[in-house]
Amino acid sequence: MKDINHPDNRVTVVLGSQWGDEGKGKLVDLLAADVKFVARCQGGNNAGHTVVDPNGLKYAFHLLPSGLVHPGVQGILGNGVVIHVAQLFNEIEENEALNIGADRLKISDRAHIVFDSHQQVDGLQEGLRSDNKVMLGTTKKGIGPTYASKATRSGIRMADLAAEDFDTHFVPKFRRLIREHEAQFPSIKRTEEAIQQEVDDYRKLGAKIRPFVTETVSYLQKRLQEGSKVLVEGANATMLDIDFGTYPYVTSSNCSIGGVCTGLGIPPARIGNVFGVIKAYTTRVGAGAFPTKQENEIGDYLQKVGHEIGVTTGRKRMCGWLDVPLLRYTHSINNYTACALTKLDILDEVEEIKIGTTYQKKNKDTGKLEPMQHFPSSEQDFEGIEVEYITLPGWKKNTSGCRKFEDLPLEAQEYTKKIEELVGVPIRWIGVGQGRDDIIDRQ
């Protein structure tokens, strides 16, 4: 691994390697004990990370960096994050015990704002997709429409909301955005009284959020020059990346390594270790391709025992075997230094464990199955895929008390080594429970 103490490698990144819900919060919580700054670079409150502290208290984060569980850590929401202001303050209040004030949280003045009308548009757009049976499974948090406003240069940034001259910088832009949304969806048309009420509400929110808002690009650069370490907490996961994921069943931001640079203003040379998080099996929520999905007893077992319910949505996750072609693909994009394997304990009672090793499709000319030469790049590329599996014996023993690799049953050790071999990345951490201490560090 790269020397994390080298001045050019002070940024450590944690990324999801599958479709999200891998347990990134647990690794961030572990690594945050050794840093002063934890930053989010993309996404909004459509993401959810759960952290359990040593006292058994459970925290559910959506916008806030989960590293804030540590008292000495300062959180940063970068320019690539989109923020629903009222819901951010609700989250701060729900985590009142963490004392998250302006001294502990910095928000980029370039970050775009999610408005209620964005969330209305999100729901209406998803409703229109139902006519063609291509609903994306969006969280309806307004994330996609906010990034769309950003791309069409109609978005409103934190600098506008927090401006001292609110009537000059915020109000005209807000009224224009409302008109655009009403033109797109007349059903959300507001009265002048309703619009004025929103303006008044945002005037108060602007004053409330002003102490948190700063120019985070130079702020981060100064911290790095001073020798501070920065931990970047990726939201969502690479297979939900707007460019590299299973489009169109993806999120609306770059949740692979490139989003770290564009979402925080950090140059690539500053990035040291990139840690991928792998769940010991595969899950996804919403719609879209899922080659190793198990719509059977094993899928039901993983869903039930793994408590596979979305932190943000409350929806049940689809479950299946570990998908190696997918992991190789996300590794090729992110170049993981090492990985964390989470929720190994969920497989404790499984008799036999399968790993998907190859995607195969029939050759149109010969009719024979042949390995795919690249990861599917479009929705139609997934049609007709058959997965080749290998089968390993389960261990049928409780792993939750294990704290060293050698403590694991031999079959669990072999499962871990086989993943390393097939993906080509060392597995440094192994999660065997929900708690902060329920983890094996092999270094």
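A contact is counted here when heavy atoms lie within 4.5 Å. On that basis, residues 24 or more positions apart account for 75% of the contacts in the protein with a separation of 6 or more. The structure is a predicted model, and the values below are computed from it.

## Overall architecture

The secondary structure of the protein consists of 13 helices and 20 strands. For 443 residues, a compact globule would be expected to have a radius of gyration near 22 Å, and the value of 22 Å found for the protein agrees with this. The C-alpha trace extends over about 65 × 55 × 40 Å along its principal axes. Of the 443 residues, 55% are buried. The accessible surface amounts to about 18,900 Å², and carbon and sulfur atoms contribute 49% of this area. As for charge, the protein carries 54 positive and 59 negative charges, and the mean positions of the two sets are 2 Å apart.

## Salt bridges

Across the whole structure, 24 salt bridges are found. Three of the pairs are described in the table, with the distance between the closest N and O atoms.

| Positive partner | Negative partner | N to O distance |
|---|---|---|
| Arginine 110 | Glutamate 215 | 2.6 Å |
| Arginine 210 | Glutamate 164 | 4.0 Å |
| Lysine 189 | Glutamate 182 | 3.8 Å |

Arginine 110 forms its salt bridge with glutamate 215. Because arginine 110 lies in the loop between β7 (105-108) and β8 (112-113), and glutamate 215 in the loop between β9 (213-214) and α9 (216-225), the pair ties together parts that are 105 residues apart in sequence. Arginine 110 is partly exposed, with a relative accessible area of 34%; glutamate 215 is likewise partly exposed, at 25%.

The side chains of arginine 210 and glutamate 164 also meet in a salt bridge. This pair links distant parts of the chain, 46 residues apart: arginine 210 is in the loop between α8 (192-209) and β9, and glutamate 164 is in the loop between α5 (158-161) and α6 (166-169). Arginine 210 is partly exposed at 27% relative accessibility, whereas glutamate 164 is exposed, with a relative accessible area of 68%.

In the pair of lysine 189 and glutamate 182, the lysine is exposed, with a relative accessible area of 62%, while glutamate 182 is buried, with a relative accessible area of 12%. Elsewhere, Asp21, Lys279, Glu308, Arg317 and Lys343 are joined into one network by salt bridges that share partners.

## A buried glutamate without a salt bridge

Glutamate 91 belongs to helix α2 (residues 85-94). Glutamate 91 is buried yet has no salt bridge. The nearest side chain of opposite charge is that of arginine 40, at 6.8 Å; a salt bridge requires a side-chain nitrogen within 4 Å of a carboxyl oxygen, so a pair at a greater distance does not qualify. Leaving aside residues up to four places away in sequence, glutamate 91 touches Ala60, Phe61, His62, Leu63 and Leu64.

## Proline 376 and its surroundings

Proline 376 is located in the loop between β17 (369-371) and β18 (386-393). This proline is buried, with a relative accessible area of 6%. Apart from residues up to four places away in sequence, proline 376 touches Tyr359, Asp381, Phe382 and Ile385. Between proline 376 and isoleucine 440, the separation is 64 residues in sequence and 34 Å in space, taken from C-alpha to C-alpha.

How values were computed
Residues are numbered from 1 along each chain as its sequence is written. This is a predicted model: local features need pLDDT of at least 70, side-chain atom pairs count only at pLDDT 80 or more; totals for chains, interfaces and linings use all residues. Side-chain values use heavy atoms; hydrogens and water are left out. Helices (H or I, at least four residues) and strands (E, at least two) are DSSP runs, numbered from the N terminus. The radius of gyration is taken over C-alpha atoms; the globule rule is 2.2 Å times the number of residues to the power 0.38. Buried means under 20% relative accessible area, exposed over 50%, partly exposed in between (1.4 Å probe, protein chains only). Accessible areas come from the Shrake-Rupley method with a 1.4 Å probe; for residues, only the protein chains shown count as cover. Lys and Arg count as positive and Asp and Glu as negative; His and the chain ends are not counted. The place of a charge is taken as NZ of Lys, CZ of Arg, CG of Asp or CD of Glu.
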